[in-house]
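Got your viewer open? Let's take a short walk and click on a few side chains along the way.

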Amino acid sequence: MTIQWFPGHMTRAKRQIQDKLKLIDVTIELLDARIPMSSRNPIVDEILGSKPRLIVLNKSDLADAKVTEQWITYFKGEGHECIAVDSSTGTRVNEVPVKARELLQEKIDRQIAKGINPRAVRGLIVGIPNVGKSTLINRLAGRNIALTGDRPGVTKGQQWIKAGKDMELLDTPGILWPKFEDELVGYRLAMTGAIREQVLNIEDIAFFALKELVDRYWENVKERFDITMEQPDTNESDEIVKVMEEIGRKRGCLQSGARVDLEKVSGIILRELRAGKFGHISLEAPWKQNS
């Protein structure tokens, strides 16, 4: 599967970011803590170049804490400062401006030594659609100033937003890359809502999601849907379909003849996954990115 996805507003956003980069002191790259590698846009390195960068693993309250700590170690090993936050609840969000300022401390100290009063730090927030950029900005600003939503494409343009007296933030639309060569990346982004469902087959995405959950967090799936069957072999497609059918029967997703409506079941699986109903889950580990 190769998903082609590069709407015009994303092309414009890339160009606008490049135009504004000379005004930026530090960049804040926002990733989904459940899928840090899949949610990391490979063209961001090209756009941002050598600008000081803080990597923020958002939605950490939905992720497996032990795996998130592994990711923090991984990114620090790459030379990037990295913290985990949850913009929806505000968990550790106040550390973002602190860490961003620390990245510029040498520059700030030089300005002070020359008698220059440092201005507010200008930060650029970048990330894929639906990763929580606008929610993070609203938390930092202390008010609802950036548009938010649970679907990709909510932020349409750029805007400067004051986040306290020491920081100004530039919000940008989410940018995806032209196509996903690795089908795992495409599926994982679809599972978490970064791609509009209209361009995908919902049953395919839900099947993949359930396969991942059964493989990594079977007990969570059993508890959520009160499943009685033994853990299935995830290498057997028919076994995953049996789980979907049991979920359908438990949730009353039946058609005439007592057949399970797999489309309705698929919607339930994806909605509950995105809402965190399966508990704390991570779908990628730094040392097993394609497993």
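Start by selecting R251: is R251 buried, partly exposed or exposed? R251 is partly exposed, with a relative accessible area of 32%. Here, buried means under 20% relative accessible area, exposed means over 50%, and partly exposed is in between, using a 1.4 Å probe and protein chains only.

Before you click on, know that this is a predicted model, where local features need pLDDT of at least 70 and side-chain atom pairs count only at pLDDT 80 or more, while totals for chains, interfaces and linings use all residues. Residues are numbered from 1 along each chain as its sequence is written, and side-chain values use heavy atoms, with hydrogens and water left out.

**Stop one: E272 and its partners**

Keep R251 on screen and add E272. Their side chains meet in a salt bridge, 2.8 Å from N to O. (A salt bridge is a side-chain nitrogen of Lys or Arg within 4 Å of a carboxyl oxygen of Asp or Glu.) E272 sits in helix 11 and R251 in the loop between helix 10 (237-250) and helix 11, so this pair ties together parts that are 21 residues apart in sequence. Helices are DSSP runs of H or I with at least four residues, numbered from the N terminus.

Now add R224. E272 and R224 also form a salt bridge, at 2.7 Å from N to O. R224 belongs to helix 9 (residues 218-225) and E272 to helix 11 (residues 262-274), so the pair links parts that are 48 residues apart in sequence. Look at the accessibility too: E272 is buried, at 11%, whereas R224 is partly exposed, at 32%.

**Stop two: a pair within one helix**

Next, select E102 and K99. Their closest N and O atoms are 4.0 Å apart, and they form a salt bridge. Why are they about one helical turn apart? Because E102 and K99 are three residues apart in helix 4 (residues 95-103). E102 is partly exposed at 46% relative accessibility, and K99 is partly exposed at 21%.

**Stop three: the cysteines**

Try C82 and C253. C82 is buried, at 2% relative accessibility, and C253 is buried as well, at 5%. How many disulfides are there? The count comes to zero, where a disulfide is a pair of cysteine sulfur atoms within 2.5 Å.

**Last stop: zoom out**

A search of the whole structure finds 20 salt bridges. The ones you clicked, including E272 with R251, are part of that search.

Notes. Helices (H or I, at least four residues) and strands (E, at least two) are DSSP runs, numbered from the N terminus.
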